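Dear colleague,

I am handing over the structure below, and my notes on it follow. Please read them alongside the coordinates and tell me where you would like a closer look.

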Amino acid sequence: MTAQDELRLLPWVGPDGKPCYLSTGDHGGYVSRLADHIEAFQLGMATQLLEHARQVLDDDTGDLEELHLLAAQLTSALRDVLRVATSRGRRPVAPGHC
């Protein structure tokens, strides 16, 4: 299997919760671009959530329900970010991308 033929871990799971992969050497294809956009969105949401977490933790009046919701959201964001990191670590950088 050549570098171009390696599977890309996509930023979503299938209906049964299993990982989805894309087999293509075309970094500019529709599904690749869609995955790039979703990854960018997930990373942006994680950044915003981290800032919100800092604010909640700095507030001494925070209640347990808010902390529980924050922990659930952080867990979800961390899962997404780890999936993006895993995917990017497995695939070569396309020409013109950082």
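Among contacts in the chain (heavy atoms within 4.5 Å) between residues at least 6 apart in sequence, 52% join residues at least 24 apart. Please bear in mind that this is a predicted model, in which local features need pLDDT of at least 70 and side-chain atom pairs count only at pLDDT 80 or more, whereas totals for chains, interfaces and linings use all residues. Residues are numbered from 1 along each chain as its sequence is written, and side-chain values use heavy atoms, with hydrogens and water left out.

On confidence, the mean pLDDT of the chain (the predictor's confidence in each residue, from 0 to 100) is 84, and 84% of the residues reach 70 or more. Confidence is lowest in H2, at a mean of 90, and highest in H1, at 93.

Overall architecture

The chain has two helices and two strands, and along the sequence they follow the pattern β-β-α-α; helices (H or I, at least four residues) and strands (E, at least two) are DSSP runs, numbered from the N terminus. Of the 98 residues in the chain, 24% are buried, where buried means under 20% relative accessible area, exposed over 50%, and partly exposed in between (1.4 Å probe, protein chains only). The accessible surface of the chain comes to about 7100 Å², with 60% of that area belonging to carbon and sulfur atoms; accessible areas come from the Shrake-Rupley method with a 1.4 Å probe, and for residues only the protein chains shown count as cover.

Salt bridges

The structure holds five salt bridges, a salt bridge being a side-chain nitrogen of Lys or Arg within 4 Å of a carboxyl oxygen of Asp or Glu. One of them pairs Arg-88 with Glu-39, with the closest N and O atoms 3.3 Å apart. This pair links distant parts of the chain, since Arg-88 belongs to helix H2 (residues 64-90) and Glu-39 to helix H1, 49 residues apart. The two partners are described by unlike labels: Glu-39 is buried, with a relative accessible area of 1%, while Arg-88 is partly exposed, at 41%. The side chains of Glu-39 and Arg-88 are also listed as joined by a polar contact of 3.3 Å, that is, a pair of N or O atoms within 3.5 Å, where within protein one must be able to donate a hydrogen and the other to accept it, and residues adjacent in sequence count only if both atoms are side-chain atoms.

Another salt bridge joins the side chains of Arg-54 and Glu-51 (3.5 Å, N to O). Because Arg-54 and Glu-51 are three residues apart in helix H1, they are separated by about one helical turn. Arg-54 counts as partly exposed at 47% relative accessibility, and Glu-51 is likewise partly exposed, with a relative accessible area of 36%.

Arg-79 forms a salt bridge with Asp-80, the closest N and O atoms being 3.3 Å apart. Salt bridges that share partners also join Arg-8, Asp-36, Glu-39 and Arg-88 into one network. As for Asp-80, this residue counts as buried at 17% relative accessibility.

Strand S1 and its surroundings

Arg-8, a member of the network just described, is placed in strand S1 and counts as buried at 9% relative accessibility. A polar contact of 2.8 Å joins the side chains of Arg-8 and Asp-36, and a polar atom of the Arg-8 side chain lies 3.2 Å from the backbone oxygen of Ser-32. The C-alpha atoms of Arg-8 and Cys-20 are separated by 8.4 Å, with their positions 12 residues apart along the chain.

Leu-9 is found in strand S1 (residues 7-13) and is buried, at 7% relative accessibility. Leu-9 and Arg-88 are 79 residues apart in sequence, yet their C-alpha atoms are 8.3 Å apart in space.

A nonpolar surface patch

Tyr-30, Val-31 and Leu-34 form a nonpolar patch on the surface, with about 280 Å² of accessible area together. Patches are made of residues with over 30% relative accessible area and no salt bridge, like charges being joined within 9 Å and nonpolar side chains (Val, Leu, Ile, Met, Phe, Trp, Tyr) within 5 Å. Tyr-30 lies in helix H1 and counts as exposed, at 60% relative accessibility.

With best regards
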